[in-house]
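Colleague: Please take a close look at one part of this structure, the interface between its two chains. What does each chain bring to it?

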There are 2 protein chains.
Amino acid sequence: MTELLTGKEVATSITEGLVKRCADLKAKGKVPTLAIVRVGEDPADMAYERGAGNRAAKVGVEVLKLALPEDTDTEALIKKIDKLNADDDVDGILVLRPLPSHIDDDAVRNAVAEKKDVDGIGDRAMAGVYSGKKIGYPPCTAEACMEILKYYGIELKGKRAVVIGRSLVIGRPVAMMLMAKHATITICHTRTEEMDKVAKEADVLIAAAGKAKAVTEDFVKDGQVIIDVGINVDEEGNMTGDVDFDEVSKKNVRITPVPGGVGAVTTSVLMKHVVDAAERKL
Amino acid sequence: MTELLTGKEVATSITEGLVKRCADLKAKGKVPTLAIVRVGEDPADMAYERGAGNRAAKVGVEVLKLALPEDTDTEALIKKIDKLNADDDVDGILVLRPLPSHIDDDAVRNAVAEKKDVDGIGDRAMAGVYSGKKIGYPPCTAEACMEILKYYGIELKGKRAVVIGRSLVIGRPVAMMLMAKHATITICHTRTEEMDKVAKEADVLIAAAGKAKAVTEDFVKDGQVIIDVGINVDEEGNMTGDVDFDEVSKKNVRITPVPGGVGAVTTSVLMKHVVDAAERKL
């Protein structure tokens with residue numbers, strides 16, 4: 001039988017603590033504040049911005065939205081980020097990415113001050129995730145996967161975790177975080193041969209291929225835990241994950257739904273980072 | 001039948017090009033120079049220092065050896081490193097590690113200027129290896145493994161590479177470098193269950209467990225390529241790898257010997273990084 005690992009409870013358990021911490025901070029005269037920087041009008045960016053705004057309102061985090069025109073260049077964008085770095089009211093900075101292709105992503109990533117880099121996009125944050133040392137914050141989506149596994153009490157030590165996807169936003173960091181919890185990790189990607197066979201070895205499968213229905217029944221074995229990180233929109237305009245849910249859910253697995261899985265947890269993790277950053281400032 | 005993947009030819013092929021590049025640099029008034037910083041008198045450190053010195057002499061790299069007493073503290077060590085950072089004659093800095101336990105390793109790692117960090121110990125170099133972006137130099141031992149695979153024409157794209165060991169010196173970086181060549185990577189470590197079964201899946205097995213004879217016949221399948229990164233000394237004072245060579249070599253595998261494998265290539269890679277650094281300065 002399929003068991004759903006829904007994100008809502010996980011998000012609630014994360015945000016419960018945050019409401020009190022925000023109130024405590026406000027009593028000390030500090031309103032935790034997140035700046036969201038968007039370039040252009042990408043619908044996915046705007047959806048994420050709305051979701052983060054709603055979550056922030058519930059928790060007590062203030063959001064400063066900075067929407068820049070599509071033709072903003074690297075220099076202008078970095079100037080804006082520098083201003084936010086220098087603004088003592090701002091605790092965290094989220095730059096919505098991918099940025100338009102004319103912008104130098106590496107320069108922008110590293111322009112965000114380490115202490116305010118709440119989505120872990122800078123080189124120093126990456127070094128922290130890679131090395132397991134406490135440097136900066138890990139990417140929120142990767143941490144959201146870990147929060148789900150923790151909330152549902154899924155054992156990782158010694159177990160086999162297979163990650164499909166090697167991006168810096170999710171594949172690599174979640175693999176490193178799984179290894180830090182002593183899982184044996186495997187990273188698959190577009191060049192992997194016999195991916196279904198590799199995926200089947202997993203006790204925990206992280207689907208972050210970035211492709212709808214990439215994970216079919218053949219990838220899955222009974223007893224597996226599947227975290228579906230995908231966000232795709234099908235022909236009818238419905239949101240689907242990277243897992244062929246109808247097929248896979250016939251098996252005896254535990255799986256996160258899309259929507260209502262990882263996505264529901266990511267903004268809570270983001271708020272946790274902002275509150276952490278605000279507390280560190282005091 | 002076992003085929004030996006010896007390091008000597010690989011080292012020769014790397015250093016051949018370096019001799020000419022060093023001569024060219026000297027003609028322009030620049031002598032490529034490596035500073036080796038050692039704290040205490042650890043025999044392994046002193047052996048590596050000698051090996052690097054010999055290799056440097058053959059290539060035409062000048063070596064500046066700085067031997068500090070065992071009781072040197074973090075502050076004093078960093079002062080010495082800062083001096084080398086500021087010294088325009090010095091192109092690369094190698095700090096022999098592990099350092100004595102009273103020294104703050106993280107502070108020392110990041111004290112080495114990024115441009116001179118020829119063994120990739122700083123956070124920025126780590127971010128480079130992790131992300132696949134061109135930042136600094138990867139750790140020499142990890143790159144030595146890759147050079148051996150390249151020299152012997154071993155296909156990596158789509159193949160399964162299993163790394164035993166998750167250290168920042170070798171396990172993690174070599175896994176990332178294998179993935180950059182499009183291998184499907186698995187990292188095993190002390191907590192891995194049924195490691196022999198996992199290792200057997202490998203087309204390429206990297207043994208960096210740090211434990212003599214950790215890799216037995218059960219880890220190995222016919223046709224496998226095995227890179228033995230281990231350096232251990234047995235009861236009779238002989239150097240052995242992490243692979244139980246006598247047992248494993250009965251199989252139909254290609255394997256690096258110890259000594260004469262990875263270790264023979266590491267100092268050549270180090271010299272390559274020093275020459276690269278010297279050229280970049282001009």
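Modeller: The following account describes the interface of chain B and chain A. This is a predicted model, in which local features need pLDDT of at least 70 and side-chain atom pairs count only at pLDDT 80 or more, while totals for chains, interfaces and linings use all residues. Residues are numbered from 1 along each chain as its sequence is written, chains are lettered from A and ligands numbered from 1 in the order in which they are written, and side-chain values use heavy atoms, with hydrogens and water left out.

The size of an interface is often given as the accessible area lost when the parts come together. Here chain B and chain A bury about 3200 Å² between them (the accessible area, with a 1.4 Å probe, lost on being put together, summed over both), and 54% of it lies on carbon and sulfur atoms. Of the area that chain B buries against chain A, 21% comes from Tyr130(B), Met179(B) and Arg191(B), more than from any other three residues.

In terms of contact (heavy atoms within 4.5 Å), 36 residues of chain B meet 36 residues of chain A. Between the chains there are 8 salt bridges, each a side-chain nitrogen of Lys or Arg within 4 Å of a carboxyl oxygen of Asp or Glu. One salt bridge joins the side chains of Glu193(B) and Lys159(A), at 3.4 Å from N to O.

Key. Buried area is the accessible area (1.4 Å probe) that two parts lose on being put together, summed over both.
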